[in-house]
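Colleague: I'm new to this structure and don't know where to start. Please pick one part, take me through it closely, and then show me what surrounds it.

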Amino acid sequence: MADKYFPLSKEALEEAARRFSTPFYIYDEKAVRENARRINAAFGVFPAYLNYFAVKAMPNPVMLRLLREEGFGADCSSLTELLLAEMSGLGGESVMFTSNETPSAEYLKARELGAIINLDDFTHIEFVEKTAGLPEMLSIRYNPGPLKLGNAIIGNPVEAKYGFTREQTLEGFALLKKKGVRRFALHTMVASNELNVSYHVETGRLLFDLAVEIRRKTGISLEFVNLGGGAGIPYRPEDTALDYGELAAGLKEAFDRIMVPAGLERTGVRTEWGRAVTGPYGWLVTRAIHRKDIYRSYIGVDASMADLIRPAMYGAYHHISVAGKEDAPAAGLFDVVGSLCENCDKFAVQRPLPAIETDETSGDLLVIHDAGAHGRAMGFNYNGKLRCGELLLRPDGSLVRIRRRETPEDLFATLCCQ
Ligand SMILES: *Cc1c(COP(=O)(O)O)cnc(C)c1O
């Protein structure tokens with residue numbers, strides 16, 4: 001059972017709402033830092049452990065800098081994510097560039113930054129060679145295909161567009177070696193929001209087995225294997241959080257059994273976690289402004305799916321608490337909705353909630369939990385919706401704005417109205 005906490009009292013939240021006006025995201029710096037330290041401590045059993053934080057989960061330089069201070073790197077997959085990493089003081093091999101269908105300009109930027117390029121396809125060996133030149137170090141993204149069952153969000157690896165097949169991976173490393181590349185890494189990403197420890201351990205075992213085969217067939221000792229992202233978080237109160245210690249211990253057992261006897265004890269183990277790093281420590285705060293009773297009862301809020309699309313996109317559950325009424329009994333079942341002209345614009349469907357006051361200035365404040373990753377980042381502008389801003393709760397209790405809300409001028413800035 002995962003506790004659903006929120007770091008501000010109702011009074012402090014009301015004060016923040018007056019100061020910054022709703023809706024907004026709020027992130028808890030202290031909790032993120034403590035979580036990063038727990039991850040580093042658990043995975044410290046591996047040589048040169050490093051988590052490349054997936055920039056797409058929370059593309060804000062303030063967060064990237066804070067995570068850099070905790071020893072994390074960045075996992076980028078586009079030109080602008082590389083630029084964000086750069087403006088956060090990240091570069092060189094603390095950046096992993098895991099892209100697909102990559103244009104040459106992005107490889108060039110990755111090369112300029114000195115990032116570790118993670119090739120998504122066999123043909124990109126030649127493509128990178130021609131367009132950006134082959135670096136001294138390269139990584140290959142492996143797609144295990146039928147060897148691994150996918151999970152619900154990411155789908156079945158056989159149907160996934162990513163990575164090299166097993167044969168291509170072996171051939172790819174041999175070819176890279178022939179072309180003069182000297183340092184190598186292996187990557188895979190087969191899970192999304194996976195809370196099952198053994199699923200992640202199994203992914204590790206798959207990579208370790210392949211690392212041994214690569215060594216046998218090509219003579220290459222990998223510098224590290226990267227297990228990708230996909231560590232889950234307990235979105236539902238009844239979910240159980242991943243036990244990092246148990247996960248690292250399971251991986252270490254497989255590492256000692258498979259890698260050590262093969263002489264690969266110096267190969268590092270790395271990850272690309274995004275969601276598990278910041279997800280539980282971010283919230284979308286929105287005010288209840290209207291109530292509507294037709295065939296069902298609706299609570300209308302001032303945020304919309306343009307601010308947080310996961311419930312609409314995946315039917316994802318996000319816990320909602322009403323500030324100051326956390327322990328109040330349910331007063332009925334409600335759909336909590338935004339104002340987009342799409343019926344899927346719902347943060348909750350038939351959710352038991354306490355009695356909620358609705359008013360533009362004095363309505364109850366709703367806290368939508370576990371929005372610290374793939375939240376604001378997945379926002380969009382359909383229906384002319386302007387995305388909300390982001391606040392950071394500093395360890396000293398102060399609140400700082402780390403992204404302002406969008407304005408109509410932002411939205412219209414790309415129009416060419418001659
Ligand atoms: C999305 C993604 C991640 C991060 O996934 P999380 O679920 O946030 O941990 C890491 N690596 C790659 C290649 C990704 O596409």
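Modeller: Let's begin with something you can cross off: a search of the whole structure turns up zero disulfides. Cys416, for instance, is in no disulfide, and the nearest cysteine sulfur, belonging to Cys417, is 7.4 Å away. That's beyond the 2.5 Å within which two cysteine sulfur atoms count as a disulfide. Cys416 is exposed, with a relative accessible area of 64%, while Cys76 counts as buried at 0% relative accessibility. Keep in mind throughout that this is a predicted model.

The part I'd pick is strand S7, and to place it you need the barrel. Eight strands close up in the order S2-S3-S4-S5-S6-S7-S8-S9, with parallel pairing. On average, neighbouring strands of this sheet are turned by 25 degrees against each other, ignoring direction. And where does the ring join up? Strand S2, residues 50-54, runs parallel to strand S9, residues 268-271, and two bridges hold that pairing. To find the spot by eye, look for Asn51, which stands opposite Thr271 in S9.

Now zoom in on S7, which spans residues 183-187. Is it buried or exposed? Five of its five residues are buried, so the strand is largely enclosed by the rest of the structure. It's worth checking the two sides separately, because side chains in a regular strand alternate between the two faces of the sheet. On one side of S7 you have Arg183, Ala185 and His187, on the other Phe184 and Leu186, and all of them are buried. In other words, both faces of S7 are covered.

Next, its partners. Strands of a sheet pair through backbone hydrogen bonds, in a parallel or an antiparallel sense. Strand S6, residues 137-141, pairs with S7 in the parallel sense over five bridges. Met137 is a handy marker there, standing opposite Arg183 in S7. S7 also pairs with strand S8, residues 224-226, again in the parallel sense, this time over three bridges. Here the marker is Leu186, which has Val225 of S8 opposite.

Side chains connect this neighbourhood too. Glu136 and Arg182 meet in a salt bridge, at 3.4 Å from N to O. Glu136 sits in the loop between helix H6 (123-131) and S6, and Arg182 in the loop between helix H7 (166-178) and S7, so to speak reaching across 46 residues of chain. Unlike the strand we just looked at, these two aren't buried: Glu136 counts as partly exposed at 36% relative accessibility, and Arg182 counts as exposed at 60%.

That salt bridge belongs to a longer list, with a count of 31. Another one on it joins Glu70 and Arg33, at 2.8 Å from N to O. This pair also links distant parts of the chain: Glu70 is in the loop between helix H3 (61-69) and strand S3 (73-76), Arg33 is in helix H2 (residues 29-43), and they are 37 residues apart. Both partners are tucked away: Glu70 counts as buried at 10% relative accessibility, and Arg33 is buried at 14%.

Further along the chain, Arg296 and Asp335 form a salt bridge of 3.0 Å, N to O. Arg296 lies in the loop between strand S10 (282-293) and strand S11 (297-301), and Asp335 is in strand S13 (residues 332-337), 39 residues apart. Arg296 is partly exposed, at 34%, whereas Asp335 is buried, at 0%. Back at Arg33, there's a bigger story: salt bridges with shared partners join Glu29, Arg33, Arg37, Glu69, Glu70 and Arg394 into one network.

Since we've met S13, here's what it pairs with. Three bridges join S11 to S13, and those two run parallel, with Gly300 opposite Val337. On to strand S14 (residues 346-353): it runs antiparallel to S13, over five bridges, and Phe334 has Arg351 as its bridge partner there.

Finally, for contrast with buried S7, look at the surface. Leu79, Leu83 and Met87 form a nonpolar patch with about 240 Å² of accessible area together. Leu83 belongs to helix H4, residues 79-87, and counts as partly exposed at 32% relative accessibility.

How values were computed. Residues numbered from 1 in each chain as written. Predicted model: local features only at pLDDT ≥ 70, side-chain atom pairs only at ≥ 80, totals over all residues. Heavy atoms only, no water. Pairing = 2+ DSSP bridges. Helix = DSSP H or I, 4+ residues; strand = E, 2+ residues; numbered from the N terminus. Axes fitted to C-alpha atoms, helices over the stretch in contact; angles between N-to-C directions. Patch = residues over 30% accessible without salt bridge, like charges linked within 9 Å, V, L, I, M, F, W, Y side chains within 5 Å. Areas by Shrake-Rupley, 256 points an atom, 1.4 Å probe, with all protein chains shown as cover. Salt bridge = Lys/Arg side-chain N within 4 Å of Asp/Glu carboxyl O. Buried < 20%, exposed > 50% of the residue type's maximum accessible area, 1.4 Å probe, protein only.
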